[in-house]
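User: Please take a close look at one part of this structure, the nonpolar core, and then place that part in the chain as a whole.

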Amino acid sequence: MKVYLILLALIIAGSIQAQRDKLAIFDNLVGKTWKAEGKWGDGSQFKQEITFQFGLDSMLVTAKSKGFTDREQTIYGPRNHGIRKYDSRTNSIKFWEFDIFGGTTEGTVKSKGKDIIYTYSYGESVVTDYWAYVDDHTYDFTVGSYEDGEWKQTYITTQFKAEKNNFDFHFDHYSLTVTKLGETGDFYQKIFGLTEIPHPDRAPGFRWFQIRGNSQLHLIQKEVADFTRNKSVHLCVSTQNLQSFIEHLKSNNIDFYDWPGNKNSITDRSDGVKQIYIQDPEGYWVEINTAKH
């Protein structure tokens, strides 16, 4: 019985993963809102906005669409809700679109490379909606009669585009958890010449330093379990006066290393940037290089 349950669990897990894998063709669409405008062959306007999301732990894809909801094409709003789901019985992806008028469109979805191809019946005709991949934010979109890899008739040709997210990020600060707040803070103040700035709440257990402009280093005092300080995890600052900084380190009896770990050595990167690494009193690594900004 126990073996049977284990086998059953493995079969179910495999089936779930297979469904997720089949829906991977929608990965680039999901999480974005796609917009398109154009004209149908009869001259009427086409305007659509579709947002795709994974649902039920990636077992299906949902699509919420906006479009014209009246014949006069004066009212624009929510028009369709759709589902795309892998059907293991037919080994195909099926889709359903439910529109605001009470209608349902049902068909199948296939992929060709990164292209996505919908096929469905519309009246007496078999219609294809073809999303031809251009880039991660653009698809050429064609609706028509598509047979044996050729268009017999097209009803509309346009493009769906998704806006690229532009959050305008700026580097703000780098935080380190320390146990020796005073000693470590003094190290960054003395060795790097950082200016200490007040914590906004004047809270104990914090020391904040300005690196340049609005970029900051935050030291936070906590009792933490010891862990290995890996050089791959490090703060990095750049200077065009690396040799002077090295002399400054030597005068303060601070060792420096190249990337492989050779003491008092400098790494010459292939792009011409020189870099060294030092450790603060807590053992955290800091890279100092000559990259220009």
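Analyst:
**The core around Leu29**

In this predicted model, Leu29 touches Trp34, Phe52, Ile116, Trp131 and Tyr139, leaving aside residues up to four places away in sequence. Leu29 belongs to the largest nonpolar core, a set of 26 residues. Leu29 is listed there among the residues with the most contacts inside the core, together with Phe26, Trp34, Phe52, Tyr118, Trp131 and Phe160. Three of the partners of Leu29, namely Trp34, Phe52 and Trp131, thus appear again in that list.

Several strands supply this core. Two or more residues each come from strand S1 (33-39), strand S2 (45-55), strand S3 (60-68) and strand S5 (92-99). The same holds for strand S7 (115-122), strand S8 (125-135), strand S9 (138-147) and strand S10 (150-162).

A second core is separate from this one and has 24 residues, including Leu217, Leu242, Ile246 and Ile288.

Now the chain as a whole. Its secondary structure consists of three helices and 18 strands. Of the 293 residues, 36% are buried. The radius of gyration is 30 Å, whereas a compact globule of 293 residues would have one near 19 Å. Along the principal axes, the C-alpha atoms fill a box of roughly 85 × 60 × 45 Å. Among contacts between residues at least 6 apart in sequence, 41% join residues at least 24 apart.

The accessible surface comes to about 18300 Å², and carbon and sulfur atoms account for 50% of that surface. The chain carries 34 positive and 38 negative charges, and the mean positions of the two sets lie 2 Å apart.

Conventions: Residues numbered from 1 in each chain as written. Predicted model: local features only at pLDDT ≥ 70, side-chain atom pairs only at ≥ 80, totals over all residues. Heavy atoms only, no water. Helix = DSSP H or I, 4+ residues; strand = E, 2+ residues; numbered from the N terminus. Rg over C-alpha atoms; globule rule 2.2 N^0.38 Å. Buried < 20%, exposed > 50% of the residue type's maximum accessible area, 1.4 Å probe, protein only. Contact = heavy atoms within 4.5 Å. Areas by Shrake-Rupley, 256 points an atom, 1.4 Å probe, with all protein chains shown as cover. Lys, Arg positive; Asp, Glu negative; His and termini not counted. Charge placed at Lys NZ, Arg CZ, Asp CG, Glu CD. Core = buried A, V, L, I, M, F, W, Y, C linked by side-chain atoms within 4.5 Å.
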